Amino acid sequence: MSDSIENNENGGSLVRKEDKMAGVCLIKPEFIIEEPVQSLNQDKSKNPSTNGTVGTDSQDGEPPPKKSKENYKKNKPRGQNKNRSVPFKTLREHNLCPWIVDSTVDEAEKKCSNEKCTFIHDRAEYVKIKPEDIGADCPIFEITGRCPRGLACRFGSKHVTQDGFNIVDKEKHEEYLKLPTSVKNQISQEMIEKLRRYKYDFSKSEKITTKYNWKSKGKFDKTKNPQSTESNEKEGEKVGPILDTDEIKLRSSEKKTIEWKDKLMLAPLTTLGNLPFRRICKEFGADITCGEMALAPKLLQGTREEWALVKRHESEDIFGVQVAGNNPGVLTRCCQLLNDDTQIDFVDLNLGCPIDLIYKQGSGCGMLNRLNILEIVVKSAVDVLDVPFTIKTRTGISMDKPIAHKLMPKFRDWGAAMINIHGRSREQRYTKLANWDYIEQCAQVAAPVPVYGTGDILSYDDYQRIRSTYPTVQGVSIARGALIKPWIFQEIKEQKLIDFSSKERFDMLKKFTTYGLEHWGSDTRGVETTRRFMLEWISFLYRYVPVGILQDPPQRMNNRPPFYKGRDELETLMASANCADWIKLSEMLLGKVPDSFNFLPKHKANSWN
């Protein structure tokens, strides 16, 4: 490389000397504009496309900070936007009853047996208030031959009769039913009932946690399962058959293994690491994907919303589930459940979540201070799983007191198969550059267990500098870099900088729309869910600065450009920091937003301010 490089004093990361210019991203002079973007609290008549609340005066869609000194600490940015309104929801009395929504002409009409049901049951009445269709081609009908949203589908003109019955392409649907399902790990109603009634056999987990001197206690530990070890013991004697799992433990050589070296991993991303987004990243070359952080207690409760985070698309050839919890009994049971009833390649323990609610419960970063509990969790999970158990952590709690290097040998000895370290502390969030010198130090003391590093990778140049400078680190996990430019995986594999045009980026959003409607549904609820997750993604995607207008490419993670115009109108729109413009993009794909729609991004751009 021709660039002069030196160590960053604050983070220990490699940076170019010219990058020390106070976070400035240099743009070619002909693209710079003097006027800032329009304020977001403008009168709605000047911006009719918003149809609702879209933000505040901040150009990142964040409320302006309060000025009073006494409230500074209370209102200090903490990484999440707590001023967001409740997401848009359709009223039950404006929706067609799920029992009859999919009724077809050829089948016996379904009836709703719930006398207190508040949904609409009259098709003609529903047609009068149904929102206008967004398009004529339903992506689900085109693939499967039958849209389960029926009359409620917002793309239903081709598969709904005039009197509101669903049309089925029988030949295409029968062929589709013969294929293996493309989405795995969908929880059944039978499994939900078994979990909620404490009928699932967790005797294997109980035996393992007991071995490590964990005394069962609490809501999920006092299982009512009659097959459990705890309830089957009478005066120290077991009742019932002795299973192989009671006597035989898998040797480490018999467990599933993963070749970790030199893989590109899409990091677990809360909210944004959903299945449609992961499909986009897989198409661009991500080797390993991991679901969003799932809370172990909610998985054991059979909560559908939490189990949605476990779903896996058929394109994800190496896929893991990340779990968070604060209790060895709960986490071990959760690992057993995932091991026995899902198709996954590894389970990842979240020790890096900095969110206050998670931290104060002793989960995420909060478990870094509970070594005795952490040891039991890791050892028990390793014993109960037939797949690798990995760990995602930060450098520590406080910026000036890193502790990860002390934990690495312990993780290795306890049986972790891979350790992924984010080069910042909980206190730092994203306000400093990731400390790759420290990540390398951790990788050295963890050897031979592979260590992945995370932080500030936004281009092939970043990746190449890190891999050549820190040889002990065996792979990288990419988070914000994938949100800002999902084709970063393709860049790294092709070893070149790729300049994506506005049309290519818009086509990427169009593909996300199709995947989102497949995943969340094509009715109003599914459309607005897809829109919400798309807008959350655009709150990162807009930060991409096209290579063709950069004065000194590549773009660096924490360098912010001045206001600029794109090479065409669409590129200018996609570079806007205005929430209203993000909504315009969504309306080009998902139709007009409802009158009561509002949006503020969940994640604050602390490092972008």
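**Group meeting: salt bridges and ring pairs in a predicted model**

I'll start with one pair: Lys-485 and Glu-491 form a salt bridge, and their closest N and O atoms are 2.9 Å apart. Lys-485 counts as buried, at 4% relative accessibility, and Glu-491 is buried too, with a relative accessible area of 0%. Before going further, note that this is a predicted model.

Some totals for orientation. The protein has 609 residues, of which 56% count as buried. It contains 22 helices and 13 strands. The exposed area is about 28,500 Å², and carbon and sulfur atoms supply 50% of that. Taking contacts with a separation of 6 or more, 73% are between residues 24 or more positions apart.

Back to charges. Side chains of opposite charge can pair when their charged atoms come close. How many salt bridges are there by the rule used here? The count comes to 34.

One of them joins Asp-317 to Lys-282, with the closest N and O atoms 2.6 Å apart. Asp-317 is in the loop between strands S7 (312-313) and S8 (319-324), while Lys-282 is in helix H8 (residues 275-283), so this pair ties together parts 35 residues apart in sequence. Lys-282 is buried, with a relative accessible area of 14%.

Another is Arg-424 with Asp-456, where the closest N and O atoms are 2.3 Å apart. Arg-424 lies in the loop between strand S11 (418-422) and helix H15 (436-446), and Asp-456 in the loop between strand S12 (451-454) and helix H16 (460-469); the pair therefore ties together parts that are 32 residues apart in sequence. Both Arg-424 and Asp-456 are buried. There is also a network of salt bridges, linking Asp-461, Asp-462, Arg-465 and Arg-556.

Next, the rings. The structure holds 14 aromatic pairs. Trp-260 and Phe-346 make an edge-to-face pair, 5.6 Å centre to centre with 75° between the planes. What does this pair connect? Trp-260 sits in the loop between helix H7 (244-247) and strand S4 (264-266), and Phe-346 in strand S9 (residues 346-351), so parts 86 residues apart in sequence are tied together. Trp-260 is buried at 5% relative accessible area, and Phe-346 is buried at 0%.

Trp-582 and Phe-599 are also edge-to-face, at 6.5 Å between centres and 65° between planes. Trp-582 belongs to helix H22 (residues 579-590) and Phe-599 to the segment after H22, so the pair ties together parts 17 residues apart in sequence. Trp-582 and Phe-599 are both buried.

Helix H22 also holds Glu-587, which is buried with a relative accessible area of 13%. The C-alpha atoms of Glu-587 and Arg-531 are 8.6 Å apart, although the residues are 56 positions apart along the chain. Arg-531 itself lies over the face of Phe-597, 5.9 Å from the ring centre. As for Arg-532, its charged end sits over the ring of Phe-533, 4.7 Å from the centre. Phe-533 is in turn part of a cluster linked by ring pairs, together with Phe-277, Phe-512, Trp-520 and Trp-537.

The last site is Ser-477, in strand S13 (residues 475-478). Is it buried or exposed? Ser-477 counts as buried, at 1% relative accessibility. Its side chain makes a polar contact with the side chain of Asn-420, at 3.2 Å. Leaving aside neighbours within four places in sequence, Ser-477 is in contact with residues including Met-265, Leu-266, Ala-267, Tyr-452 and Thr-454.

Methods:
Residues are numbered from 1 along each chain as its sequence is written. This is a predicted model: local features need pLDDT of at least 70, side-chain atom pairs count only at pLDDT 80 or more; totals for chains, interfaces and linings use all residues. Side-chain values use heavy atoms; hydrogens and water are left out. Helices (H or I, at least four residues) and strands (E, at least two) are DSSP runs, numbered from the N terminus. Buried means under 20% relative accessible area, exposed over 50%, partly exposed in between (1.4 Å probe, protein chains only). Contact means heavy atoms within 4.5 Å. Accessible areas come from the Shrake-Rupley method with a 1.4 Å probe; for residues, only the protein chains shown count as cover. Rings of Phe, Tyr and Trp (its six-membered ring) pair if their centres lie within 6.5 Å; planes under 30 degrees apart count as stacked, over 60 as edge-to-face and the rest as tilted. A charge sits over a ring if NZ of Lys or CZ of Arg is within 6 Å of the ring centre and within 35 degrees of the ring normal. A polar contact is a pair of N or O atoms within 3.5 Å; within protein, one must be able to donate a hydrogen and the other to accept it, and residues adjacent in sequence count only if both atoms are side-chain atoms. A salt bridge is a side-chain nitrogen of Lys or Arg within 4 Å of a carboxyl oxygen of Asp or Glu.
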